Amino acid sequence: KGIYLLEEKIKRNTARVNISKLLSTDNSGDEVTGGYIFSLDKQPNAWFSSYYTPGATNANKRQFSYVYPKPEDIVPSQMTYLKSYVDAFENALAAPNFQDPFTGVRKYADLSSFIDYLIVNEISRNVDGYRLSTYFHKDRQSVNPRIFAGPVWDYDLAFRNADYCSGSYVT
């Protein structure tokens with residue numbers, strides 16, 4: 001008796017997150033541009049966002065984590081590339097011309113994946129959504145230059161299963 005949960009970790013391969021394999025020797029050109037999996041989660045291990053968390057009561061900035069390559073495997077040129085690309089995405093999102101199709105957020109993000117991610121988190125009232133257990137991935141420029149939201153992960157505190165952050169509200 002009980003509730004059993006079977007799950008797989010988020011990993012790069014053709015049956016999970018289908019992005020290019022990134023080697024430690026991929027340090028320039030198209031090779032350094034992907035594939036990456038990164039997240040916002042507990043125990044961050046990468047870089048800080050340039051922006052403060054909206055609506056937060058403290059002056060914290062979100063910190064990203066390396067998922068693929070693992071923190072011990074990612075090399076400095078890859079760290080620099082990923083951080084600068086995500087910084088450019090955040091800057092485009094915060095800019096007054098964020099809707100411009102060539103310089104705005106569409107240049108950096110696959111909006112359909114972000115919309116799907118937002119809908120799933122809102123319908124499920126996932127209190128971890130957007131702040132924890134939030135994953136992103138980016139393939140090589142030559143394959144697809146945009147950041148994708150997802151895959152979705154960690155819904156143990158969704159569907160009214162939390163008594164904080166309005167998680168138990170039905171409206």
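Does Tyr 135 count as buried or exposed, and at what relative accessibility? In this predicted model, Tyr 135 has a relative accessibility of 10% and therefore counts as buried, since the cut-off for that class is under 20%. The surroundings of this residue are taken up again below, after the overall fold.

The chain contains 2 helices and 5 strands. In sequence order these elements read β-β-β-α-α-β-β, with both helices placed between the third and the fourth strand. The C-alpha trace spans about 50 × 45 × 30 Å along its principal axes. For 171 residues, a compact globule would have a radius of gyration near 16 Å, and the value of 17 Å found for the chain agrees with this.

Burial and contacts can be read for the chain as a whole. Of its 171 residues, 39% count as buried. Among the contacts between residues at least 6 apart in sequence, 61% join residues that are at least 24 apart. The exposed area of the chain is about 10,500 Å², and carbon and sulfur atoms supply 56% of that area. As for charge, the chain has 19 positive and 19 negative charges, and the mean positions of the two sets lie 2 Å apart.

The aromatic side chains give a more local view. A pair of aromatic rings is described by the distance of the centres and the angle of the planes. The structure holds 12 aromatic pairs. One of them joins Tyr 36 and Tyr 81: the ring centres are 6.2 Å apart and the planes meet at 20 degrees, so the pair is stacked, the cut-off for stacking being under 30 degrees. Tyr 36 belongs to strand β1 (residues 36-40) and Tyr 81 to helix α1 (residues 76-94), so this pair ties together parts that are 45 residues apart in sequence. Both Tyr 36 and Tyr 81 are buried.

The pair of Tyr 135 and Trp 153 has another geometry. Here the ring centres are 6.4 Å apart and the planes stand at 80 degrees, so the pair is edge-to-face, as angles over 60 degrees are classed. Tyr 135 sits in strand β4 (residues 134-138), while Trp 153 is in the segment after β5 (147-149); the two residues are 18 apart, and their pair links distant parts of the chain.

Ring pairs also build a cluster, made up of Phe 38, Trp 47, Phe 64, Tyr 66, Phe 89, Phe 114 and Phe 136. Of these, Phe 38 falls within the residue range of strand β1 (residues 36-40), Phe 89 within that of helix α1 (residues 76-94), and Phe 136 within that of strand β4 (residues 134-138).

Key:
Residues numbered from 1 in each chain as written. Predicted model: local features only at pLDDT ≥ 70, side-chain atom pairs only at ≥ 80, totals over all residues. Heavy atoms only, no water. Helix = DSSP H or I, 4+ residues; strand = E, 2+ residues; numbered from the N terminus. Rg over C-alpha atoms; globule rule 2.2 N^0.38 Å. Buried < 20%, exposed > 50% of the residue type's maximum accessible area, 1.4 Å probe, protein only. Contact = heavy atoms within 4.5 Å. Areas by Shrake-Rupley, 256 points an atom, 1.4 Å probe, with all protein chains shown as cover. Lys, Arg positive; Asp, Glu negative; His and termini not counted. Charge placed at Lys NZ, Arg CZ, Asp CG, Glu CD. Phe/Tyr/Trp six-rings, centres within 6.5 Å; stacked < 30°, edge-to-face > 60°.
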